[in-house]
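Please read the following report alongside the sequence and the 3D view. It is meant for a reader who is new to this structure.

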Number of protein chains: 4
Amino acid sequence: MSIKRKIAVVITARPSYSRVKTVLSAINSHPELELQLIVAASALLDRYGSAVNYIVNDGFEIAAKVFNVLEGENLTAAAKTTGIGILELSTVFDNLKPDIVVTVADRFETMATAIAASYMNIPLAHIQGGEVTGNIDEKVRHSITKLADYHFVASENAKQRVIQLGENPEMVFNTGCPSIDIAEQVSKKNQLTFNPYEKYGGVGSLPDLENGYIVVMQHPVTNEYQDSRKHIESTLRAIQQINKPTLWFWPNVDAGADGTSTGIRSFREKYKLENVHFFKNMEGEDFLNLLDNSICLIGNSSVGIRECAYLGVPVVNIGSRQNRRDRGENVIDVTYDENEIVSAVNSISNSYNRKKSDVYGGGNAGETIAKLLKDLPLQFHKTITY
Amino acid sequence: MSIKRKIAVVITARPSYSRVKTVLSAINSHPELELQLIVAASALLDRYGSAVNYIVNDGFEIAAKVFNVLEGENLTAAAKTTGIGILELSTVFDNLKPDIVVTVADRFETMATAIAASYMNIPLAHIQGGEVTGNIDEKVRHSITKLADYHFVASENAKQRVIQLGENPEMVFNTGCPSIDIAEQVSKKNQLTFNPYEKYGGVGSLPDLENGYIVVMQHPVTNEYQDSRKHIESTLRAIQQINKPTLWFWPNVDAGADGTSTGIRSFREKYKLENVHFFKNMEGEDFLNLLDNSICLIGNSSVGIRECAYLGVPVVNIGSRQNRRDRGENVIDVTYDENEIVSAVNSISNSYNRKKSDVYGGGNAGETIAKLLKDLPLQFHKTITY
Amino acid sequence: MSIKRKIAVVITARPSYSRVKTVLSAINSHPELELQLIVAASALLDRYGSAVNYIVNDGFEIAAKVFNVLEGENLTAAAKTTGIGILELSTVFDNLKPDIVVTVADRFETMATAIAASYMNIPLAHIQGGEVTGNIDEKVRHSITKLADYHFVASENAKQRVIQLGENPEMVFNTGCPSIDIAEQVSKKNQLTFNPYEKYGGVGSLPDLENGYIVVMQHPVTNEYQDSRKHIESTLRAIQQINKPTLWFWPNVDAGADGTSTGIRSFREKYKLENVHFFKNMEGEDFLNLLDNSICLIGNSSVGIRECAYLGVPVVNIGSRQNRRDRGENVIDVTYDENEIVSAVNSISNSYNRKKSDVYGGGNAGETIAKLLKDLPLQFHKTITY
Amino acid sequence: MSIKRKIAVVITARPSYSRVKTVLSAINSHPELELQLIVAASALLDRYGSAVNYIVNDGFEIAAKVFNVLEGENLTAAAKTTGIGILELSTVFDNLKPDIVVTVADRFETMATAIAASYMNIPLAHIQGGEVTGNIDEKVRHSITKLADYHFVASENAKQRVIQLGENPEMVFNTGCPSIDIAEQVSKKNQLTFNPYEKYGGVGSLPDLENGYIVVMQHPVTNEYQDSRKHIESTLRAIQQINKPTLWFWPNVDAGADGTSTGIRSFREKYKLENVHFFKNMEGEDFLNLLDNSICLIGNSSVGIRECAYLGVPVVNIGSRQNRRDRGENVIDVTYDENEIVSAVNSISNSYNRKKSDVYGGGNAGETIAKLLKDLPLQFHKTITY
């Protein structure tokens with residue numbers, strides 16, 4: 001009888017969960033792997049969408065919860081949240097004794113996972129390294145690459161970049177992004193399969209979605225902390241001017257998040273937004289189904305760059321957050337300017353010819369990664385290749 | 001009237017202090033720089049040599065002390081020490097508001113400095129990046145490179161490596177290692193200028209140093225935690241067999257340090273070591289002066305690779321700790337084997353032809369770095385170059 | 001020239017600030033005292049009313065800010081918030097080197113102040129010990145009494161209780177509650193002196209206040225965590241039924257706060273509350289002026305027990321939160337029952353004969369405390385009296 | 001089938017373990033209780049005697065280990081150790097979900113146990129409250145009493161004191177001290193049953209124990225931090241002067257511990273102590289057996305006040321550490337004065353008439369406490385009785 005490899009995956013935010021859900025399922029289904037799911041940081045918190053509820057509803061068992069978000073509208077709190085994360089996760093790893101720890105992407109607090117695992121000599125796998133954005137996330141992402149032992153990247157460019165960072169090419173795998181796995185399933189439905197208002201509540205008016213609608217998701221940009229309120233107001237004014245049915249999603253936590261949130265709240269108090277409904281959260285598949293049937297996505301979410309590439313949904317991408325990321329032809333880049341946003345949306349008609357791309361993978365990342373987690377040699381010792 | 005740039009340097013261990021002392025002096029002397037010296041971790045602790053006392057005696061003013069070493073003979077404690085370091089240093093940076101933070105080398109807890117500074121959008125300078133050793137230190141070192149904005153490296157190879165890691169070449173400077181600045185000064189004395197027993201106390205017998213002596217400094221190797229006691233015993237038996245006057249220095253703190261310490265203590269209780277004296281600590285210049293007049297250095301300290309290269313002191317380098325570091329012709333590499341160590345020492349005669357090298361710099365790193373800290377543009381935003 | 005005594009006061013929440021504001025002023029004005037004001041925990045956070053903004057507007061200089069609120073809707077987060085508070089406050093005390101530390105009342109995180117100070121051998125003064133409520137606050141309050149060196153209590157009963165707890169009677173002073181100092185000033189105005197909607201914004205309808213209005217302030221009760229939503233809904237239904245102009249104040253942070261907040265938000269989405277306006281916060285004096293001119297206060301705030309006693313404002317006090325506190329004749333106690341609340345309010349007419357009491361002091365607590373802080377011997381060593 | 005009550009006991013130091021060992025055994029043996037043993041702080045550390053090794057050897061299963069000792073020779077580190085303890089223990093309690101948490105005595109870090117449990121609404125039992133010593137321990141002890149729900153005290157005076165502190169008399173039990181249980185067993189042996197040198201190693205000379213020997217155990221006194229070195233030197237000189245066979249035990253961790261340790265080390269380097277052997281640690285029963293057969297105990301350990309009362313061993317009790325503790329006639333109190341210590345020892349002859357007392361209990365505390373832990377109502381809500 002063989003002993004299962006224990007794979008600890010740390011989820012720290014709602015979008016990270018959506019991104020790796022098929023990986024979690026594939027680990028869970030694999031006869032020789034045991035999933036140790038750790039839910040931490042904003043993924044546990046109501047005001048950032050309680051990813052934890054979706055995780056439970058999806059049938060995953062949670063091995064440990066880690067509360068480490070220190071409140072405060074500043075960068076110091078982000079640093080301290082990371083410090084507390086290390087304190088807590090090292091205890092969790094001590095208890096669970098995983099064979100491999102998996103960390104996802106590049107949010108600031110994922111560094112806590114990377115440090116706790118690597119300092120404790122636990123082999124560390126990193127999903128979604130090697131990408132380029134040009135902001136603080138990039139420092140975090142490449143820094144984690146240098147701590148990680150295995151790299152599951154989402155594109156060919158990312159693979160080459162990780163190798164050039166001095167990682168052993170035999171430990172770098174272009175698995176595609178697991179978020180595309182879900183996009184692949186969702187794209188088979190050819191219409192909106194649920195009523196968003198009934199299923200997800202939310203606040204605001206209830207515009208008719210029959211004749212097309214816009215989706216908005218805009219996060220604060222860490223490096224431009226003090227400007228986050230100004231940024232969100234440009235988008236709010238653009239949406240007011242466009243005046244089409246619009247479904248708006250609240251941002252996830254970050255230094256500056258409260259600037260964004262406050263901006264939205266104040267705008268709502270001041271103006272009637274007759275055509276706008278606000279959601280806190282939506283299950284990943286539903287969100288992709290919503291996007292797949294929308295006129296376009298506006299904002300700076302990476303879903304516009306990744307899943308929308310596969311789906312071919314037009315995206316008005318605002319500001320610097322997705323700078324230098326690989327992208328398909330579906331993306332129109334604009335600055336934080338009301339008029340640019342309006343023009344970009346106007347240039348997209350319903351008859352818009354959707355441009356699909358597999359730059360971020362073809363839909364089987366979850367299973368590929370699970371298989372690698374089973375087969376890779378357990379090791380935490382490495383050296384730069386040059 | 002110009003405002004001085006505030007340069008916060010975080011010192012976390014005795015050897016780091018010795019390494020950057022000339023940088024601290026040069027910052028202190030520079031009319032347009034203000035030094036904010038932060039002493040942290042084992043640099044504050046008696047049983048690791050109280051670097052803080054040397055710092056005070058050398059006339060530096062301490063801006064903040066950070067106690068963050070969590071006791072425990074395991075890797076979890078190392079992770080938690082780093083987490084506490086982030087919590088504490090972020091408060092210190094909040095209070096001191098430095099323009100640039102400087103972190104040194106690659107000890108595990110230096111990551112706390114790097115994360116606190118980069119997460120708080122303070123420009124981060126890293127001294128001694130780009131080197132290769134093949135152990136956990138290397139993960140830390142290159143990971144810090146990806147968080148740092150300025151790189152002050154010690155050799156041409158290191159410079160090329162940092163650039164290949166995707167850093168902007170205009171922010172990578174081969175300043176040489178500041179430890180060589182001190183070696184350069186010390187090398188002008190041509191004899192032992194002090195009585196080590198009188199000046200530094202210590203324990204053990206008092207061998208006559210007139211006719212040559214050996215120096216030993218051997219640290220535990222983090223990745224080989226459980227073996228540290230076995231390793232130190234090989235060296236102890238070799239020294240017993242060689243039976244020449246020997247001056248032995250206690251190791252600094254690390255997971256495993258207590259294995260090393262216990263090994264030494266037990267050996268001393270069991271055997272008479274008639275020719276061995278033990279020191280806890282020694283001021284940097286005195287230590288180099290001691291080395292410059294010794295038969296050879298035995299152990300795995302980086303001083304054997306760096307300063308001894310400049311001085312031309314023969315070094316019996318044990319084990320993997322200095323693997324792949326650039327080295328001069330003064331180094332003989334051996335494994336953790338009593339007989340290999342003995343043979344290597346025997347191959348070195350007093351008439352040994354000293355082989356000097358400037359692979360780690362020529363003696364003016366401190367001033368070069370201070371000037372750069374004054375002149376470099378203040379920036380914390382970067383992107384990978386490929 | 002005499003050196004001023006440094007008095008560090010730690011403020012962790014909006015109501016604590018209101019309570020001790022006259023103490024802060026009196027310390028600031030005292031020629032031989034130096035105020036070191038430390039603002040921490042929820043007092044810094046926007047969603048709990050940003051006491052810090054009021055503090056700054058009132059002209060106080062802030063010596064240090066301490067972010068220590070760990071997010072999470074559970075009691076574990078409250079414990080961890082206290083742990084982080086100790087880590088941070090001990091650093092602050094190390095830097096500020098106060099002669100005396102002052103902690104206020106009984107919120108869970110005030111224990112962090114008490115432990116940091118007493119463990120560091122700094123004399124600790126406690127304002128408002130010796131009171132009785134019968135909930136978790138009481139454990140905290142009396143536990144702090146046993147750590148504190150000086151006791152500034154608010155009533156004669158409290159004084160006797162602190163002495164019976166084994167404290168040296170010479171270190172226990174019935175100064176009255178400093179919150180009464182402000183009530184005393186406010187009571188001299190005989191009408192509402194400002195327009196609450198204009199000055200404080202808030203959300204909801206804008207009922208006419210000319211013909212009387214009700215004020216609501218209801219906090220979650222820590223020990224009854226899971227019931228906090230049910231509790232708030234009783235009050236919401238009562239207010240809906242009473243249907244008089246009502247001004248409602250959001251609760252401050254606690255385990256369970258989000259149950260209360262969510263309860264209010266859901267109720268607002270579901271029902272029209274035509275006569276209710278919601279405020280996040282209000283400056284202390286304005287709040288007392290508002291109360292002084294109201295029909296009554298409903299909820300469980302201690303302001304109903306304390307300041308309203310002095311002012312003679314009728315209070316419908318709900319549930320267990322103020323159990324066993326000394327009270328004047330102005331208080332009607334009810335359970336979490338919609339009908340009881342309604343009946344109690346109906347029993348109060350505008351012609352209600354206001355019953356004033358000085359059970360919590362006569363209006364000069366601030367100056368009395370400042371004088372004691374100047375004169376008391378500095379000591380941190382004590383023993384129980386029996 | 002009944003579900004067992006889960007009883008979490010937190011051990012933070014070697015002496016606490018010895019003190020409650022019979023409680024642990026009785027819980028373990030009880031068919032309706034499940035022991036959750038948590039080993040924390042200095043109980044895990046080699047240089048404080050590794051209580052954890054004795055615990056494992058005694059056959060107890062450890063449910064969780066908590067490393068929370070922050071290194072640093074100062075009071076700030078003691079505060080921070082407590083803060084870290086809360087962070088860690090709250091996680092442990094979250095995982096283990098005990099029905100009752102038991103904390104022992106009055107060391108500074110036991111406050112972390114008390115806060116984590118009481119803030120998380122877990123019923124808290126306190127062993128050994130109500131005693132009086134007149135130092136920082138006393139603040140901690142009585143403060144914990146005010147957080148605890150059940151009180152298992154060691155003497156009738158202690159019981160009256162806890163009741164006078166406002167605790168419900170029905171929750172205060174004079175169980176006697178569990179350390180007396182072991183003394184009771186040991187007292188039945190009538191000679192030294194082991195060779196201390198062979199069994200426990202240690203360092204120093206090997207005096208002959210046949211004709212009587214002295215035992216020394218002296219801890220630093222927290223409030224007199226800077227004096228700890230001076231204090232230990234008085235005792236060292238006294239022992240040198242008395243010049244009888246002496247067995248000396250190292251102190252456990254505290255702010256100031258390093259002053260004591262350094263004092264001993266320096267003295268040993270400087271003088272020959274021909275008649276003194278040093279031990280780091282000794283199993284509880286052996287230690288009592290050693291005391292029971294000694295001439296006397298010198299120092300300030302509570303074992304002199306408690307177990308030695310039951311055994312009737314003469315004690316020269318130095319300084320303020322045991323001030324105001326109940327004591328039998330076996331104790332001679334002296335100050336930190338070499339000559340006083342010498343005189344006191346001289347006044348004790350081998351024919352000394354041993355004076356036994358059951359002031360601290362009669363030998364069945366362990367079983368009494370286990371039974372109470374089984375039977376007491378689970379509650380975490382209390383109010384002061386006056």
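The report below covers the contacts between chains, the relation between two copies, and parts of two chains.

This is a predicted model, in which local features need pLDDT of at least 70 and side-chain atom pairs count only at pLDDT 80 or more, while totals for chains, interfaces and linings use all residues. Residues are numbered from 1 along each chain as its sequence is written, and chains are lettered from A and ligands numbered from 1 in the order in which they are written.

**Contacts between chains**

Two residues are in contact if their C-beta atoms, placed from the backbone, lie within 7 Å. Between chain B and chain A, the contact takes 38 residues from each of the two. On the chain B side, α3 (75–96), α4 (110–119), α5 (136–147) and α6 (156–164) each supply at least two residues. The largest share of that side, 12 residues, comes from α3(B). Helices (H or I, at least four residues) and strands (E, at least two) are DSSP runs, numbered from the N terminus.

The contact between chain C and chain B takes 4 residues from each chain. The table gives the make-up of two sides; Ala, Val, Leu, Ile, Met, Phe, Trp, Tyr, Cys and Pro count as nonpolar, Asp, Glu, Lys and Arg as charged, and the others, Gly among them, as polar.

| Side | Nonpolar | Polar | Charged |
|---|---|---|---|
| Chain B, touching chain A | 17 residues | 14 residues | 7 residues |
| Chain C, touching chain B | 1 residue | 2 residues | 1 residue |

**Relation of chains C and B**

Chain C superposes on chain B by a rotation of 180° with 0.1 Å of shift along its axis (RMSD 0.1 Å). The two copies are thus related as by a two-fold rotation axis. The superposition is by least squares on the C-alpha atoms of residues with pLDDT of at least 70 in both copies. In chain C, the C-alpha nearest the axis belongs to C:E88, at 3.8 Å. The same surface serves both copies, as 100% of the contact residues of chain C recur in chain B.

**Strands in chains C and A**

Two strands pair if DSSP finds at least two bridges between them. In chain C, β2 (residues 33–40) and β3 (residues 62–66) run parallel and are joined by 4 bridges. C:I38 has C:A64 as its bridge partner in β3(C).

Chain A has an open sheet of 7 strands with mixed pairing, in the order β8-β11-β10-β9-β12-β13-β14. Its edge strands are β8 (203–204) and β14 (331–334), each pairing on one side only.
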